[in-house]
Amino acid sequence: MALSKIFYGLCFSMLLLGLVHAQLSTTFYATTCPKALSTIRTAVLKAVVKEHRMGASLLRLHFHDCFVNGCDASVLLDDTSSFTGEKTAGPNANSLRGYDVIDTIKSQLESICPGVVSCADILAVAARDSVVALSGPSWTVQLGRRDSTTASLGAANSDLPSPLMDLSDLITSFSNKGFTAKEMVALSGSHTIGQARCLLFRNRVYNETSLDSTLATSLKSNCPNTGSDDSLSSLDATTPVTFDNSYFKNLENNKGLLHSDQQLFSGGTTDSQVKTYSINSATFYADFASAMVKMGSISPLTGSDGQIRTNCAKVN
């Protein structure tokens with residue numbers, strides 16, 4: 001009797017402290033929607049085969065979701081009369097893409113198991129499947145996130161790291177979300193795929209001396225001093241559509257496209273980590289996968305919090 005009282009007392013104390021809460025799980029949809037993961041994987045593979053760049057776009061959607069009030073699919077919400085969504089935030093406007101792929105996946109899942117799979121979980125799984133589709137590492141995605149009922153334009157503008165940041169600001173930006181400098185470098189390796197707009201690297205091309213001169217000349221042809229803001233160049237010019245460690249080799253050769261990229265190898269505290277990843281792709285893959293699991297676990301809505309949106313762009 002005394003033991004049971006102690007047990008219930010402890011449980012009550014833990015509840016008061018908020019230590020007992022629903023956890024994410026790798027088997028969350030095993031019985032409620034057993035075809036969820038295969039449905040997402042097939043759709044992502046189809047989209048990436050159609051356009052390789054989409055892999056980077058879907059990975060980025062998950063990142064831009066998680067860094068703004070957690071992985072809750074707030075990034076997918078359209079503006080309403082009661083809140084302004086995150087799609088028009090500085091880091092997202094004319095930049096984030098892949099919403100249509102997520103919508104396609106959501107409609108497929110709604111047809112086989114309505115009201116079960118969250119948009120936030122779709123983003124997390126699609127990010128992993130995109131990396132795998134482009135020959136990168138895999139990881140087991142934790143599931144059970146629920147979708148937010150609001151969004152935050154302000155947080156999207158303030159919490160997402162900028163491609164113009166110096167190393168110290170990058171370290172702080174990621175530290176604010178619980179990441180070490182090492183994890184920040186690993187996650188930055190996602191720039192082994194994808195493209196960036198001229199607007200975001202023009203100053204680096206024309207005014208920075210830490211850019212390989214041959215690459216600079218090549219980039220200038222596609223990114224003039226004025227105009228062509230939306231002209232695209234690959235973040236990794238060596239293997240632009242393969243998820244590998246070339247990004248880090250590029251940094252060692254002053255071939256980082258963005259200012260923030262080259263800051264990781266510029267005589268600072270992260271140089272040694274860049275060297276490690278440029279030499280050993282297996283180490284990069286392992287660290288990247290671990291950091292992605294950690295990112296996917298930022299402040300999820302679980303249990304009865306939030307909802308399972310029927311349409312990812314709208315609150316139910």
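Ser148 is buried in this predicted model, with a relative accessible area of 3%, and because buried means under 20%, this residue falls within that class. Ser148 belongs to the loop that runs between helix H5 (119-133) and helix H6 (153-159). A polar atom of its side chain lies 2.8 Å from the backbone oxygen of Thr150. Beyond the neighbours within four places in sequence, the residues in contact with Ser148 are Asp72, Ala73, Ser74, Leu77, Leu301, Arg309 and Val315.

From this loop one can turn to the charged side chains, for which a search of the whole structure finds eleven salt bridges. One of them joins the side chains of Arg128 and Asp129, with an N to O distance of 2.7 Å, and in this pair both Arg128 and Asp129 are buried. Another brings together the side chains of Asp78 and Lys87, at 2.6 Å from N to O. Here Asp78 has a relative accessible area of 29% and is therefore partly exposed, and Lys87, with a relative accessible area of 22%, is likewise partly exposed.

A further salt bridge is formed by Asp159 and Lys177, whose closest N and O atoms are 2.9 Å apart. This pair links distant parts of the chain, since Asp159 is in helix H6 whereas Lys177 is in the loop between helix H7 (167-175) and helix H8 (181-188), 18 residues apart. Asp159, at 22% relative accessibility, counts as partly exposed, and Lys177 counts as partly exposed at 21%; the lower bound of that class is the 20% under which a residue would be called buried.

The remaining topic is helix H7 itself, whose buried residues are Leu167, Leu170, Ser173 and Phe174. These residues cover an arc of only 125° around the axis, and they are therefore on the same side of H7. The spacing along the sequence can be read against a general property of helices: an α-helix has 3.6 residues a turn, so residues three or four places apart point the same way. As for what the buried residues of H7 meet, they pack against helix H3 (53-66), H6, H8 and helix H12 (259-263). Helix H6 thus appears in two of the settings described here, as a packing partner of the buried residues of H7 and as the helix that holds Asp159 of the salt bridge with Lys177.

Definitions and conventions: Residues numbered from 1 in each chain as written. Predicted model: local features only at pLDDT ≥ 70, side-chain atom pairs only at ≥ 80, totals over all residues. Heavy atoms only, no water. Helix = DSSP H or I, 4+ residues; strand = E, 2+ residues; numbered from the N terminus. Buried < 20%, exposed > 50% of the residue type's maximum accessible area, 1.4 Å probe, protein only. Polar contact = N/O pair within 3.5 Å; in protein donor to acceptor, adjacent residues only side chain to side chain. Contact = heavy atoms within 4.5 Å. Salt bridge = Lys/Arg side-chain N within 4 Å of Asp/Glu carboxyl O. Arc of directions from axis to C-beta.
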